[in-house]
Amino acid sequence: SIQHEKGTISIHTENIFPIIKKFLYSDHEIFLRELVSNAVDATQKLKQLASFGEFNGELGDLKVTVSLDEEAKTITISDNGIGMTADEIKKYINQIAFSGASDFLEKYKDKTDDKGQIIGHFGLGFYSAFMVAKEVEIVTKSYRENAEAARWVCDGSTEYELTAAERPERGTDIILHIAEDSEEFLNKGRIRGILDKYARFLPTPVEFDGEVVNNTTPIWTKSPSELTDEDYKTFYRELYPMSEEPLFWIHLNVDYPFNLTGILYFPRIKNELRFQREKIQLYSRQVFITDEVKDVVPDFLMMLHGVIDSPDIPLNVSRSFLQADTNVKKINGYITRKVADKLNELFNADRKGFEEKFDDIGLFIKYGILSDEKFWERAKNFVLLKSTDGTYATIDEYREKTQANQTNKSDTLVWLYTTDRKQQDAYVASATRRGYDVLLLDNVIDAHFINALESKLEKVQLQRVDADTLDKLIDKDISNDSVLSTDDQTKLKELYEKTLDNKTLTITVAAMPADEMPVTITQPEFMRRMKDMSALSGEQ
Ligand code: ADP
Ligand code: MG
């Protein structure tokens, strides 16, 4: 019979290795990100040790060097950081998924609550080297006094070799002997490209081919009070050299209940829908992770530019996990709130400036209103309605304005709008002559925005200015004395109907003394709207 037993599950490394090699990262180029981050960590740890008096030697110029030897088919990542003793190699390298970075933070957690810029976390990154290398060599010497240099070699099997080595200086070399199927990486341009992508803002200088490839103090790591407008603009140019100057920006900075910093820029986009051209970049402790920020940033803010840096976004996991992650959800909500705050602040501080920017930011605001109920709750106070006469009004202001000259029998206000100033000019002119205001809603998103307004606002109906005759659109008491006889009116109507021969159009003959349009041709609102909306979603 079975005895009650408790135990530890064991892993067969020889079976796990190929899985790590194949599935840890879908992108093989990530190996360089991981090894350079480890090297940066090694320098940052030493800096921290020095700051709490655990290291009293010379720090020197802390840096990481990446070098390529095309002939020997090696890539070497060197640093003059903390190094490892043979025992530390056994602990941190030979034990997969035991993170030296977490171990370090745990050990010194009383000395500092600042996790600083230490990147490592999972204790898996190092093994990504085997995605591209058939053999990995470590030559390292610890910062500790009288430390002996050590050499570790492994060919990707579960066997390793550890020996004494010659290395006069403190620090670590990771030497990758690149496998045949990964020789694409033995190329200067390729390495430079990968470093530009992932290492661009790492906190320790990274040298390749005689040049430092990174900016170690990107502005999002600084406090807003240290920064000028020019700093923000300069950084924007650094990120997107080809773009026009941004309209304004938001400096994100939160450390509870999650950690996040970043800068979001509002680009000038006008009416264009080039949503995805420049993307928001996601970083974790200054390491580039991805520009696929879909779940982290609310949909309607995907058009923004800039960077988000959060160590609390899980990185080594799948997309579906990212969607379900509670931190990611909180971050999403936080960003929405901050953006609403900023817009509200701009609106209150400088109404005129806000109006001037509205052609650019209107698209974000309207998209936000369409996609996020919480955002609507905030935005309904500052979203602007632009009239054909060039004036702007908030929803409340516009309600008041239209109430003043609509003596409706029903208590529903009719807001007239035009989707095409040129094409509908005669209708707009006619409405204006009668003292009605006409909204200009000609943006790509407006067909949806109009529907949203109607469903969110009580007792307001939006009508395209040419949807019917004005007297039918706005039910107002005015005299109905036409200058044409009833007989003439009927004849005229029949003539138009016959000529146009289109059942969806309505012909109305009125010809009031003040009218320049004795005959009005209209098409029902709902038919127009269907067409406008399918135009936006690309159906014809
Ligand atoms: P993580 O970085 O998540 O801790 P890794 O698998 O990337 O895990 O690395 C494992 C450990 O090996 C590190 O935490 C560190 O202790 C040690 N290590 C790796 N590279 C270096 C290096 N260049 N210098 C010093 N220690 C290193
Ligand atoms: Mg690591």
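Which residue of β4 is the bridge partner of E137? In the predicted model examined here, that partner is V153, and the pair belongs to the register between strand β3, residues 133-141, and strand β4, residues 150-154, which run antiparallel and are joined by five bridges.

These two strands are part of a wider arrangement, in which eight strands form an open sheet with mixed pairing, and the order across the sheet is β5-β4-β3-β6-β2-β1-β7-β8. The edges are occupied by β5 (160-164) and β8 (211-212), each of which has a single partner strand, so that one side of each is left without a neighbour in the sheet. In general, the strands of a sheet pair through backbone hydrogen bonds, in either a parallel or an antiparallel sense. Helix α3, comprising residues 86-93, lies across β3, β4 and β5, and the helix runs at about 30 degrees to β4.

Several backbone features of the loops deserve separate description. Most residues other than glycine have a negative phi, and most peptide bonds are trans. Against this background, K73, which is not a glycine, has a positive phi of about 55 degrees; this residue is placed in the loop between β1 (64-69) and β2 (74-79). K73 counts as partly exposed because 18 C-beta neighbours are found inside 10 Å, a count that falls between the limit of 12 or fewer for exposed residues and that of 20 or more for buried ones. A positive phi of about 55 degrees is also found for N146, again not a glycine, and N146 is located in the loop between β3 and β4, the strands whose antiparallel pairing was described above. With 5 C-beta neighbours inside 10 Å, N146 is therefore classed as exposed. A further feature concerns the peptide bond from Y256 to P257, which is cis, with omega near 0 degrees; P257 is situated in the loop between β9 (248-254) and β10 (260-266).

The surroundings of ligand 1 were examined next. Its shell consists of 22 residues, of which the closest are A42, S99, G100, G120 and G125. The elements that give two or more residues to this shell are α2 (30-51), α3 and α4 (100-107), and the largest share, four residues, is supplied by α2. Helix α3 thus appears both among these contributors to the shell and as the helix lying across β3, β4 and β5. When the shell around ligand 1 is divided by class, ten residues are nonpolar, ten are polar and two are charged.

Notes:
Residues numbered from 1 in each chain as written. Chains lettered and ligands numbered in written order. Predicted model: local features only at pLDDT ≥ 70, side-chain atom pairs only at ≥ 80, totals over all residues. Pairing = 2+ DSSP bridges. Contact = placed C-beta atoms within 7 Å. Axes fitted to C-alpha atoms, helices over the stretch in contact; angles between N-to-C directions. Near = placed C-beta within 6 Å. Nonpolar A, V, L, I, M, F, W, Y, C, P; charged D, E, K, R; others polar.
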